[in-house]
Amino acid sequence: MTDPVVIIGNGIAAVSAAEAFRENDRGTPVIILSGEPYYAYYRMWLSSLLGEPLDLDKLYIHKPEWYAELNIDVWLNCRAESLDTENCTVLSDNGKTIKYSKLLLANGSSPFIPPVAGNDLTGVFSIRSLDDVKKVNEYISDKENGIVVGGGVLGLEVAWSLANKGKKVSVIEGSPYILSKQVDETASHLLMALGEKAGINFVTNGKLTEIIGENGKVTSIQLEGKIMPAEFVVFSTGVRSNIGLVKNTPIKVGRGVQVNEYMQTSVENVYAAGDIAEYKGQVYGIWPVAREQGKTAGLNMAGKQVHYNEVVPSNYLKVFGVELYSVGDLCKDGKPFDSIKKLDKENNKYSIIFIRDSKPVGAVLFGDTKPAMKISKAIKSNLEIPEEIIRNNDFEGLLAMLQ
Amino acid sequence: MQKWVCSVCGYVYDPEVGDPENGIAPGTAFEDIPEDWVCPECGAGKDMFEEA
């Protein structure tokens, strides 16, 4: 019998790969190693589960029966400890050595926690897994004051979720404005104003220097120049690929495990997909990319020759009672650009299209995301915008052009 | 019938399957889904879908 295909990891990349593989190969055994006690679930929902009861049935991407039907063997609570790419084996933490015919690294990423004093105190969290959410929920049930470190997408979702549960929340952001990677300054200020209305406090240009505790538990945080009381702290300061597993193997690594367009690593029969994978120098760390890369890896592992179909990264966020969308290049490199924009402050609506060489390259839509797909298509197709429309800041004229 | 894909998470709406758990019967064309329906995987609005 053929040695099994082994998939390390249990996120969307792993499941998409297993599914795509099975569609093309019914026979070869497939084993998924999941370090968590759960089947793959919708990780994107985690922040919305703060203070909520967990319903696994709703969270699971596929029910346990699905794996059985497809003859995919899932080993829960089982981590890969080390790899031997010469002998094609994985050593798991339950002491088993598994020989693989093909291996997929889909073991994702972990939260990055800045190295500040006190970051190991009780009451300091990051949110990456269901168990993280369980721990936070248990700890904060009788607490009031929370600090969220990081004003990015996850940080704002966490802050919003906590505020909705009646917590007093402050967001500490190191940049001059929140969501600084995903939106422009105008949209950021509009968003912050809505957050403040919802009772959230923002500290921009905030530099966290220490987390202070008593009896091992968080009591306050020290920023440059001030101390703020805090009963719990949630870090949402980015993620790093879990490349520790491939140390001491010949697999080439940059920020992540480097892959080609077939999701192959530098070592034969070893593939990588999702947050662990670095493709063309980029580790995106977002769901749609992981899904597509996982699928591509699965197809190629089953003997197909399929290129990774690059996903154009976009951001979508629903917080503080507003929807916002951004896509492409927001022209933050300091070089000149044109723009077409429309601001309706009263109704909290704002749209801006960034233009270079008469072509749309990026956009932020705040409060009204209806034209999102039309605009994203225009960016992809390098639509030429007539000079007159740019000169007159004719937003409606531009929309009329897009079909 | 035309399939639609969520640009936020990659979920594919297949009219043949519908989204019965959220009240969309199999056979419902994407255009006929109520405007307040959201992506069952990520919660994004209907505006975030593009033709697959």
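Q: At what angle do helix 1 and helix 7 of chain A pack?
A: The model is a predicted one. In it, helix 1 covers residues 12-24 of chain A and helix 7 covers residues 287-301 of chain A. Their axes are 7 Å apart, and the packing angle is about 30 degrees.

Q: What is the handedness of the crossing of helix 1 and helix 7 of chain A?
A: Helix 1 of chain A contributes residues including Ala13(A), Ala17(A) and Phe21(A) to the contact, and helix 7 of chain A contributes residues including Trp287(A), Gly294(A) and Leu299(A). The crossing of these two helices is right-handed.

Q: How do the residues of the contact of helix 1 with helix 7 of chain A divide into nonpolar, polar and charged?
A: On the helix 1 side, the contact includes Ile12(A), Ser16(A), Ala20(A) and Asn24(A). On the helix 7 side, it includes Ala290(A), Arg291(A), Lys295(A), Gly298(A) and Met301(A). The division is nine nonpolar, four polar and two charged.

Q: Is Tyr271(A) buried or exposed?
A: Tyr271(A) belongs to strand 19 of chain A, residues 270-272. Its contacts beyond four places in sequence include Leu103(A), Leu105(A), Met263(A), Thr265(A), Ala297(A) and Met301(A). Because its relative accessible area is 4%, under the 20% limit, Tyr271(A) is buried.

Q: How far apart are the C-alpha atoms of Tyr271(A) and Val116(A)?
A: Along the chain, Tyr271(A) and Val116(A) are 155 residues apart. In space, their C-alpha atoms are separated by 35 Å.

Q: Which residue in the loop between strand 18 and strand 19 of chain A has a positive phi?
A: Most residues other than glycine have a negative phi. The residue asked for has phi near 65 degrees and is not a glycine. At 27% relative accessibility, it counts as partly exposed. It lies in the loop between strand 18 (257-259) and strand 19 of chain A, and it is Asn269(A).

Q: What is the phi of Asn77(A)?
A: Asn77(A) lies in the loop between strand 3 (72-75) and strand 4 (80-84) of chain A. Asn77(A) is not a glycine, yet its phi is positive, at about 55 degrees.

Q: How far is Ser170(A) from Val203(A) in space, C-alpha to C-alpha?
A: Ser170(A) is part of strand 11 of chain A, residues 168-172. Val203(A) is 33 residues away in sequence. The distance in space, C-alpha to C-alpha, is 7.2 Å.

Q: Why does Ser170(A) count as buried?
A: Beyond four places in sequence, Ser170(A) touches Gly146(A), Ile147(A), Val148(A), Asn201(A) and Met228(A). Buried means under 20% relative accessible area. Ser170(A) counts as buried because its relative accessibility is 9%.

Q: Which residue of chain B is in contact with Ser314(A)?
A: Ser314(A) is in strand 21 of chain A, residues 314-319. At 15% relative accessibility, Ser314(A) counts as buried. Its contacts beyond four places in sequence are Tyr325(A), Ser326(A) and Val327(A), together with the chain B residue Ser7(B).

Q: What is the volume of the largest cavity?
A: Rolling a probe the size of a water molecule over the atoms shows where empty space is left. A search of the whole structure finds one cavity of 30 Å³ or more. The volume of the largest cavity is about 40 Å³.

Q: How do the residues of the lining of the largest cavity divide into nonpolar, polar and charged?
A: The lining is made up of Ile353(A), Pro360(A), Ile375(A), Ala378(A), Leu383(A), Ile385(A), Leu398(A) and Leu402(A). They divide into eight nonpolar, no polar and no charged.

Notes. Residues are numbered from 1 along each chain as its sequence is written. Chains are lettered from A and ligands numbered from 1 in the order in which they are written. This is a predicted model: local features need pLDDT of at least 70, side-chain atom pairs count only at pLDDT 80 or more; totals for chains, interfaces and linings use all residues. Side-chain values use heavy atoms; hydrogens and water are left out. On a 1 Å grid over the protein atoms alone, a cavity is a set of points where a 1.4 Å probe fits but cannot get out, and a pocket is an open set with protein on both sides within 12 Å along at least five of seven lines; lining residues have an atom within 4 Å of a point. Grid points are joined across faces, edges and corners, and a volume is the space filled by probe spheres set on the points. Ala, Val, Leu, Ile, Met, Phe, Trp, Tyr, Cys and Pro count as nonpolar, Asp, Glu, Lys and Arg as charged, and the others, Gly among them, as polar. Helices (H or I, at least four residues) and strands (E, at least two) are DSSP runs, numbered from the N terminus. Buried means under 20% relative accessible area, exposed over 50%, partly exposed in between (1.4 Å probe, protein chains only). Contact means heavy atoms within 4.5 Å. Axes are lines fitted to C-alpha atoms, for helices over the stretch in contact, and angles run from 0 to 180 degrees between N-to-C directions. A crossing is left-handed if the near helix is turned anticlockwise from the far one by less than a right angle, and right-handed if clockwise.
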